[in-house]
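Work through the following exercises with the coordinates open beside you. Each task is followed by a solution that proceeds step by step.

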Amino acid sequence: MYHFFVEPCQIGEKEIRIEGSDVNHIRNVLRMGIGEQITVSSGEDKKEFRCEIAGIEESCIRAKIMWIEEKDAELPSKIYLFQGLPKGDKMEWIIQKAVELGACEIIPMATKRAVVKLDPKKAAAKVKRWNAISESAAKQSKRLVIPQVHEVMSFREAVSYASGFDKKLIPYELAEGMDQTRNTFSQITPGDSVAVFIGPEGGFDEEEITLAQENGILPITLGRRILRTETAGMAVLSVLMFQLEQK
């Protein structure tokens with residue numbers, strides 16, 4: 001069943017109005033008709049609305065509310081993925097999979113060893129595209145919220161943004177000790193806010209690791225193998241999802 005997001009103001013007592021690009025998607029791409037069922041959420045609570053399409057108009061889709069369910073599709077902790085800018089279209093894949101695995105926000109970072117350098121115009125277009133991918137992944141995975149993809153931050157800005165989080169991790173190829181990694185993960189509990197810093201293809205510069213440690217970000221190892229930038233974050237998110245899911 002297809003899932004859509006709306007603003008809270010679009011939800012009435014008996015009917016929901018779907019507007020924007022989803023109108024064309026429902027009408028001309030999915031070719032849905034009157035009577036077909038969809039699910040809708042506002043991204044602000046745990047309510048999922050089971051609806052039946054009642055009207056297809058030029059600027060909106062009217063969906064009759066059949067019933068409301070309380071869903072708990074989100075992780076019990078907020079996981080923030082700080083991702084060093086990778087080459088090519090890898091960021092799109094990373095965002096899609098991070099959303100599926102439960103990340104609440106994705107923060108792209110411009111780090112010293114990142115090959116990609118975005119000028120302001122390209123960055124704005126990229127961020128718009130990345131947020132569209134996040135929304136699509138949230139719909140597909142039946143998330144009740146759309147994770148925000150931020151504008152690109154410098155590494156120092158990212159470290160500052162994470163300053164108030166409960167747990168802060170930075171996988172680093174020179175870190176050692178799987179026992180410490182296991183112990184660190186075991187101490188992450190439901191309700192914690194967790195920052196995960198992932199370097200680009202060239203990894204983190206030593207000065208960045210020093211800055212991270214000075215700000216309470218703990219270097220950890222993910223094992224004996226060197227993981228690609230698009231793999232490392234997914235490995236951490238997968239472990240956290242497995243550990244934090246209580247049911």
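**Exercise 1. Describe the overall make-up of the chain.**

Task: State how many helices and strands the chain has, and describe its extent, burial and surface.

Solution: In this predicted model, the secondary structure of the chain comprises 7 helices and 12 strands. Taken along the principal axes, the box that the C-alpha atoms fill comes to roughly 60 × 45 × 30 Å. Of the 247 residues in the chain, 45% are buried, while the area that the chain exposes is about 13,000 Å², with carbon and sulfur atoms supplying 48% of it. As a last step, consider the contacts with a sequence separation of 6 or more: 74% of these are accounted for by residues 24 or more positions apart.

**Exercise 2. Characterise the surroundings of Thr39.**

Task: Where does Thr39 lie, is Thr39 buried or exposed, and which side chain makes a polar contact with the side chain of Thr39?

Solution: Begin with the secondary structure, where Thr39 is found in strand S3, which covers residues 37-41. Next, take the relative accessibility of Thr39, which is 3%; because buried means under 20%, Thr39 counts as buried. Then turn to the side chain of Thr39, which makes a polar contact of 2.7 Å with the side chain of His3. Finally, leaving aside residues up to four places away in sequence, the residues that Thr39 touches include Met1, Tyr2, His3 and Phe4, as well as Glu48, Phe49, Arg50 and Lys142.

**Exercise 3. Examine the charges and their pairing.**

Task: How many salt bridges does a search of the whole structure find, and which parts of the chain does the pair of Glu230 and Lys90 tie together?

Solution: Start from the charge count, which gives 33 positive and 37 negative side chains, the centres of the two sets lying 3 Å apart. Side chains of opposite charge can pair when their charged atoms come close. A search of the whole structure finds 14 salt bridges.

One of these joins the side chains of Arg17 and Glu19, at 3.5 Å from N to O; Arg17 is partly exposed at 35% relative accessibility, and Glu19 is likewise partly exposed, at 38%.

Another salt bridge links Arg62 with Glu57, whose closest N and O atoms are 2.8 Å apart. Arg62 has a relative accessible area of 24% and is partly exposed, as is Glu57 at 33% relative accessibility.

In a further salt bridge, the closest N and O atoms of Glu230 and Lys90 are 3.9 Å apart. Because Glu230 belongs to helix H7 (residues 229-244) and Lys90 to helix H2 (residues 90-100), this pair ties together parts that are 140 residues apart in sequence. Glu230 counts as buried at 15% relative accessibility, whereas Lys90, at 25%, counts as partly exposed. To complete the solution, note that salt bridges with shared partners join Glu15, Glu57 and Arg62 into one network.

**Exercise 4. Place Ile217 in the fold.**

Task: Where is Ile217, which residues does Ile217 touch, and how many residues apart in sequence are Ile217 and Gln148?

Solution: First, locate Ile217 in the loop between helix H6 (206-214) and strand S12 (218-220). The relative accessibility of this loop residue, Ile217, is 2%, and Ile217 therefore counts as buried. Beyond residues up to four places away in sequence, Ile217 touches Val159, Lys168, Leu169, Ile170, Phe197 and Ala212. For the final step, a C-alpha to C-alpha comparison places Ile217 and Gln148 22 Å apart in space, with their positions 69 residues apart in sequence numbering.

Definitions and conventions. Residues numbered from 1 in each chain as written. Predicted model: local features only at pLDDT ≥ 70, side-chain atom pairs only at ≥ 80, totals over all residues. Heavy atoms only, no water. Helix = DSSP H or I, 4+ residues; strand = E, 2+ residues; numbered from the N terminus. Buried < 20%, exposed > 50% of the residue type's maximum accessible area, 1.4 Å probe, protein only. Polar contact = N/O pair within 3.5 Å; in protein donor to acceptor, adjacent residues only side chain to side chain. Contact = heavy atoms within 4.5 Å. Areas by Shrake-Rupley, 256 points an atom, 1.4 Å probe, with all protein chains shown as cover. Lys, Arg positive; Asp, Glu negative; His and termini not counted. Charge placed at Lys NZ, Arg CZ, Asp CG, Glu CD. Salt bridge = Lys/Arg side-chain N within 4 Å of Asp/Glu carboxyl O.
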